[in-house]
Amino acid sequence: MRKFFVFIVAMMSIAASAQLSRLADTLHLRAEMTATVSHGDFAPYWMTNNRYGLASVGNNWGTTRLGISRLQQDDANRLWQVGWGLEMAPLLEKGNSRFVMQQAYADVQYKKVRLSVGAKERPSELRNNALSSGGLATGINARPIPQALFELPDFWEIPGTRGWLAIKGRLGYGFYTDSHWQQDFAVENTPFSKHSYYHTKAGFLRIGNEDKLPVSITGGLEMNTQFGGKYYVKGQPDRTMDLWKGLGSFYDVLVFRGDDPTDGDYSNESGNVVGSWHLSIDYKGDGWGTRGYAEHFFEDQSQLFWQYGWKDMLWGTEINLPKNPIVSDIVYEYLYMKHQSGPIFHDHTPNVPDQVSAADQYYFHNLYGAWQHHGFVSGSGLIISPLYNDGLITVLHTRIIAHHLGISGNPIESLSYRLLWSAQKSWGTYRVPLIDPLTGWTMMAELRYAPARCKGLSLGLAYGHNGGELLGNSNGVQLTLGWNGITRKK
């Protein structure tokens with residue numbers, strides 16, 4: 001809680017340096033109630049995942065989002081742009097309710113450079129976030145992490161290139177807020193961590209000039225690290241381990257170096273490091289467009305470069321159709337993650353000088369458990385999160401092959417729909433392999449009605465289904481009632 005107040009003070013200081021008279025000139029209000037009722041082992045998968053962690057895997061749950069914000073876009077013609085937001089959400093599950101501060105942030109931008117402080121929902125890079133399964137290293141699946149972030153949020157054209165080269169990127173530090181959740185969720189004799197920190201960095205380069213050529217190519221790299229804090233084993237206080245190594249830890253994770261207390265003579269990097277390489281090719285036609293993209297996930301160094309080959313990839317395509325009443329957008333993605341540098345692992349010795357850093361076990365770390373926040377994987381929505389486990393903060397299905405399809409459309413002006421379908425096959429992990437692979441599939445069909453005569457009001461109705469061995473069978477419905485309004489200072 002002390003750290004939370006530090007961030008609130010920082011946010012207030014940033015706001016005070018801007019023109020205070022503008023901070024309330026245009027306010028955006030949001031109220032949304034969601035109720036999910038289902039029957040089976042878990043709620044239908046896409047009714048729970050890729051919702052920034054504001055959901056439950058249980059059969060019956062509901063939440064109310066209440067938010068107020070000032071959009072930075074309201075200062076679009078100003079040199080200095082200011083935005084802020086607060087959003088709270090009581091979450092009701094299994095007869096119990098808990099209060100969630102989903103967003104609390106302040107943004108200050110000068111020209112193309114922005115400082116963003118606080119917890120804010122941030123979309124995946126180079127994705128259709130409504131239809132995609134999400135980014136592999138940084139997705140929309142988990143609760144926002146409070147952080148201080150310097151970023152170029154939009155592509156900035158490099159001077160002298162006549163618009164043919166543009167860059168964007170980010171660099172930030174933050175802290176995890178799920179210490180109490182981890183301690184409560186973990187069962188006896190299982191590990192968990194508390195009070196750890198977060199680091200993120202990314203850079204993207206776009207090649208292309210839309211005014212002269214309809215094709216553009218975008219590539220980039222993003223890396224995230226969980227570090228510091230303390231390691232615990234529930235019920236075994238003698239195994240507690242301090243993972244904080246002083247202020248130098250912030251530099252270690254920045255330059256991708258250091259080690260952990262359990263590395264011994266074979267140092268790796270400080271903390272739980274995950275990242276991904278991106279490549280996207282876009283074509284924009286007359287009233288339509290298409291995109292092909294690929295993303296390669298890595299943990300630490302073994303898959304960072306080409307040492308063991310890049311067999312683990314997400315391949316996707318997005319098609320944006322000309323305006324019609326049937327289909328507007330289509331997304332298809334194929335995810336292969338079985339390789340993970342191969343099953344053989346050993347460190348170099350005097351007799352065997354060659355080191356093979358394989359058996360990566362994506363989304364897992366021996367000290368920090370899973371790559372997650374408040375139980376949801378901080379990455380692809382196709383990876384089954386720790387919340388589906390029985391008190392184990394780990395990921396049990398990382399060696400998977402998956403197919404994902406998303407379709408959306410607007411049959412009439414006030415009515416839209418979204419269809420999501422995914423199927424996957426799991427071989428478990430290298431540490432805990434499955435003797436017989438498990439398969440599963442899930443789907444969701446959603447309708448949203450926003451009547452023109454009731455401005456700001458919307459009503460959503462969705463049906464979802466899980467099938468197969470991975471998550472069991474379930475059926476459910478989800479009802480969402482929302483309202484968005486704007487107040488303007490006269």
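Accessible area here is the area found by the Shrake-Rupley method with a 1.4 Å probe. By that method the protein, which is a predicted model, exposes about 23100 Å². Carbon and sulfur atoms supply 61% of that exposed area. The protein has three helices and 25 strands, so this briefing deals mostly with strands and how they pair.

**Overall form**

- The protein has 490 residues and a radius of gyration of 23 Å, which agrees with the value near 23 Å that a compact globule of that length would have.
- The C-alpha trace spans about 75 × 50 × 50 Å along the principal axes of the protein.
- Of the 490 residues, 53% are buried.
- Contacts between residues at least 6 apart in sequence can be sorted by how far apart the partners are, and 63% of them join residues at least 24 apart.
- The protein carries 44 positive and 44 negative charges, and the mean positions of the two sets are 8 Å apart.

**Strands E13, E14 and E15**

- Strand E14 covers residues 289–299, and nine of its 11 residues are buried, so the strand is largely enclosed by the rest of the structure.
- Strand E13 (residues 272–284) runs antiparallel to E14, and 11 bridges join the two.
- One of the paired positions is Ser 276, whose bridge partner in E14 is Phe 297.
- E13 and E14 form a hairpin with four residues between them.
- In the turn of that hairpin, Gly 287 has a positive phi of about 85°.
- E14 is also joined to strand E15 (residues 313–320), by seven bridges and again in the antiparallel sense.
- Ala 294 has Trp 315 as its bridge partner in E15.

**Strands E1, E24 and E25**

- Strand E1 (residues 26–40) pairs with strand E25 (residues 474–488) over 15 bridges, in the antiparallel sense.
- Within this pairing, Met 33 has Leu 481 of E25 as its bridge partner.
- Strand E24 (residues 457–468) also runs antiparallel to E25, and 10 bridges join them.
- Tyr 463 stands opposite Val 477 in E25.
- E24 and E25 make a hairpin with five residues between the strands, where Gly 472 takes a positive phi near 75°.

**The open sheet of E8, E11 and E12**

- Three strands form an open sheet in the order E8-E11-E12, with antiparallel pairing.
- Strand E8 (191–194) and strand E12 (241–242) are at the edges with a single partner strand each, so one side of each has no neighbour in the sheet.
- E8 and strand E11 (residues 230–233) run antiparallel and are joined by four bridges.
- The bridge partner of Phe 192 in E11 is Tyr 232.

**Tyr 334**

- Tyr 334 lies in strand E16, which covers residues 329–336.
- Its relative accessibility is 25%, so Tyr 334 counts as partly exposed, a class that lies between under 20% (buried) and over 50% (exposed).
- Leaving out residues up to four places away in sequence, Tyr 334 touches Met 313, Leu 314, Trp 315, Ile 401, Ala 402 and His 403.
- Trp 315, one of those contacts, is also the bridge partner of Ala 294 in E15.
- Tyr 334 and Asp 75 are 259 residues apart along the chain, and their C-alpha atoms are separated by 40 Å.

**Lys 112**

- Lys 112 lies in the loop between strand E4 (96–110) and strand E5 (113–119).
- Lys 112 has a relative accessible area of 36% and is partly exposed.
- Apart from neighbours within four places in sequence, Lys 112 is in contact with Glu 151, Leu 152, Pro 153, Phe 155 and Trp 156.
- Lys 112 and Asp 154 are 42 residues apart in sequence, but 7.3 Å apart in space from C-alpha to C-alpha.

**Ser 378**

- Ser 378 is found in the loop between strand E20 (376–377) and strand E21 (400–412).
- At 11% relative accessibility, Ser 378 counts as buried.
- Not counting residues up to four places away in sequence, Ser 378 touches residues including Ala 137, Thr 138, Gly 139 and Ala 142.
- Trp 371, Gln 372 and His 373 are also among the residues that Ser 378 touches.

Terms used. Residues numbered from 1 in each chain as written. Predicted model: local features only at pLDDT ≥ 70, side-chain atom pairs only at ≥ 80, totals over all residues. Heavy atoms only, no water. Buried < 20%, exposed > 50% of the residue type's maximum accessible area, 1.4 Å probe, protein only. Pairing = 2+ DSSP bridges. Rg over C-alpha atoms; globule rule 2.2 N^0.38 Å. Contact = heavy atoms within 4.5 Å. Lys, Arg positive; Asp, Glu negative; His and termini not counted. Charge placed at Lys NZ, Arg CZ, Asp CG, Glu CD.
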